[in-house]
Amino acid sequence: APGCSRRPRRPGTSNTAPHPNYAAPMGTTAKEEMNKFWAKNAKLNRPMSPHLTIYKWSVPMMMSITHRGTGVGLSGAISAFALAALVLPGNYPYYLDLIHSLYIGPYLIGLAKFGIAFPVSYHTYNGIRHLWWDIGKGFKIPEVYRTGYTVIALSVITSIAVAFL
Amino acid sequence: MAAIVRLSSVCRRGVKPLFYQSTFLARPLAVPHTYKEHPYQLTAKIHASQALCAGSGSKAASLHWTAERVLSILLLAMGPVAYFNPGPFMDYSLAAALTLHGHWGIGQVLTDYVHGDAKIKMANAGLFLLSTVTFAGLCYFNYNDVGICKAVAMLWSK
């Protein structure tokens with residue numbers, strides 16, 4: 001028979017008639033096709049259909065972009081910190097004391113702590129939710145919302161608790 | 001029918017010889033109507049073709065995906081470990097894990113939003129530079145200054 005010699009059969013399919021593979025890989029890669037798509041549309045100056053401005057926002061949508069936003073933000077903050085460490089003359093305790101002398105009031109300090117803790121908490125808890133999805137669990141819509149609200153609640157509670165430390 | 005015969009050569013000789021056939025179709029082959037099957041079974045065959053003809057594709061992307069998840073889990077574990085066992089080992093481990101996790105994460109963001117070969121290359125080059133500087137800076141901080149674990153502890157003691 002043409003094609004690969006041994007292949008596993010799907011349960012329920014007939015084993016009597018041999019069949020060739022119906023699908024062939026395309027002459028171009030997915031990447032090339034994607035680039036062709038974008039190049040063609042850019043060349044023809046086609047306007048992009050509205051999407052973010054017209055589609056009704058949902059909690060899962062907002063949580064997803066927040067996950068990305070906190071990720072990019074945290075990564076940027078770490079990079080900025082690393083760059084500062086390389087460029088600035090003084091050492092860490094020096095700059096920490098400098099910040100101490102600037103900020104007056106426990107509320108502002110608490111707010112700053114919350115401001116640092118929340119992105120870390122949210123990205124961590126939602127990250128666990130993502131890993132849960134990666135093992136194939138929790139895709140039913142009620143589950144998506146339940147785990148989503150849990151992440152939000154845990155993030156807020158953790159951030160407040162940590163801000164009080 | 002001739003198309004079916006040509007398809008079969010994918011499995012025996014791999015994908016490359018197919019590219020040199022001038023009459024090769026540049027789009028997925030339509031299923032001949034003589035083979036009347038349930039669409040679900042057809043889809044299964046199409047999706048199974050990669051697994052059935054192993055070696056005709058690269059596993060790089062799939063392995064990268066798995067590595068991203070493994071790193072994420074590792075980073076999750078590092079949090080409590082760093083809290084209970086701070087020190088140079090955790091400082092450098094965190095520096096590496098955080099930088100790599102961020103590098104791969106931003107890489108996905110760039111893949112989503114940047115289009116066009118030249119732009120993609122430039123964006124990824126810029127990211128590589130940023131991640132290198134980030135890792136260098138964090139290591140410098142770990143070596144010449146208080147280190148990541150101590151820095152977090154000091155920040156929170158205010």
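**Exercise 1. How many helices and strands does the secondary structure of chain B come to?**

Solution. The model is predicted, so local features need pLDDT of at least 70 and side-chain atom pairs count only at pLDDT 80 or more, while totals for chains, interfaces and linings use all residues. Residues are numbered from 1 along each chain as its sequence is written, chains are lettered from A and ligands numbered from 1 in the order in which they are written, and side-chain values use heavy atoms, without hydrogens and water.

Step 1. Take helices as DSSP runs of H or I with at least four residues and strands as runs of E with at least two, numbered from the N terminus.
Step 2. Chain B then has seven helices and zero strands.
Step 3. Along the sequence, the pattern is α-α-α-α-α-α-α.

**Exercise 2. Describe the burial and the surface of chain B.**

Solution. Step 1. Buried means under 20% relative accessible area, exposed over 50%, and partly exposed in between (1.4 Å probe, protein chains only). Of the 158 residues in chain B, 32% are buried.
Step 2. By the Shrake-Rupley method with a 1.4 Å probe, the accessible surface of chain B is about 10,200 Å². Carbon and sulfur atoms hold 69% of that surface.
Step 3. A contact is a pair of heavy atoms within 4.5 Å. Among contacts in chain B with a separation of 6 or more, 54% come from residues 24 or more positions apart.

**Exercise 3. Compare the span of helix α1 in chain A with the expected value.**

Solution. Step 1. The expected span is 1.5 Å times one less than the number of residues.
Step 2. Helix α1 of chain A (residues 30–43) has 14 residues, and 20 Å is expected.
Step 3. The reach from first to last C-alpha is 20 Å, close to that expectation. Just after this helix, A:N45 has a positive phi of about 55 degrees.

**Exercise 4. Characterise the two annotated positions B:H101 and B:Y113.**

Solution. Step 1. An unreviewed UniProt entry places a "binding site" at B:H101 and also at B:Y113. Such annotations may be inferred rather than shown by experiment.
Step 2. B:H101 lies in helix α5 (residues 88–113) of chain B, and B:Y113 lies in α5 of chain B as well.
Step 3. B:H101 is partly exposed because its relative accessibility is 27%. B:Y113 is exposed, at 51%.
Step 4. Leave aside neighbours within four places in sequence. B:H101 then contacts A:H123, B:L71, B:S72 and B:L75, whereas B:Y113 touches A:I65 and A:R68.

**Exercise 5. Why do B:C139 and B:C149 form no bond with each other?**

Solution. Step 1. A disulfide is a pair of cysteine sulfur atoms within 2.5 Å.
Step 2. The sulfur of B:C139 has its closest cysteine sulfur in B:C149, 13 Å away, so the two are too far apart for a bond.
Step 3. Over all chains, the structure holds zero disulfides.
Step 4. Both cysteines are buried: B:C139 has a relative accessible area of 18%, and B:C149 has 11%.

**Exercise 6. Place B:C149 in its nonpolar surroundings.**

Solution. Step 1. A nonpolar core is a set of buried Ala, Val, Leu, Ile, Met, Phe, Trp, Tyr and Cys residues joined through side-chain atoms within 4.5 Å.
Step 2. B:C149 belongs to the largest nonpolar core, of 12 residues, which also includes A:A82, B:L71, B:L75, B:M90 and B:L94.
Step 3. In chain B, α4 (60–84), α5 and α7 (148–156) each supply at least two residues of this core.
Step 4. Beyond four places in sequence, B:C149 has contacts with B:A82, B:P86, B:G87, B:M90, B:D91 and B:L94.
Step 5. A second, separate core has nine residues, including A:Y92, A:L96, B:F141 and B:M154.
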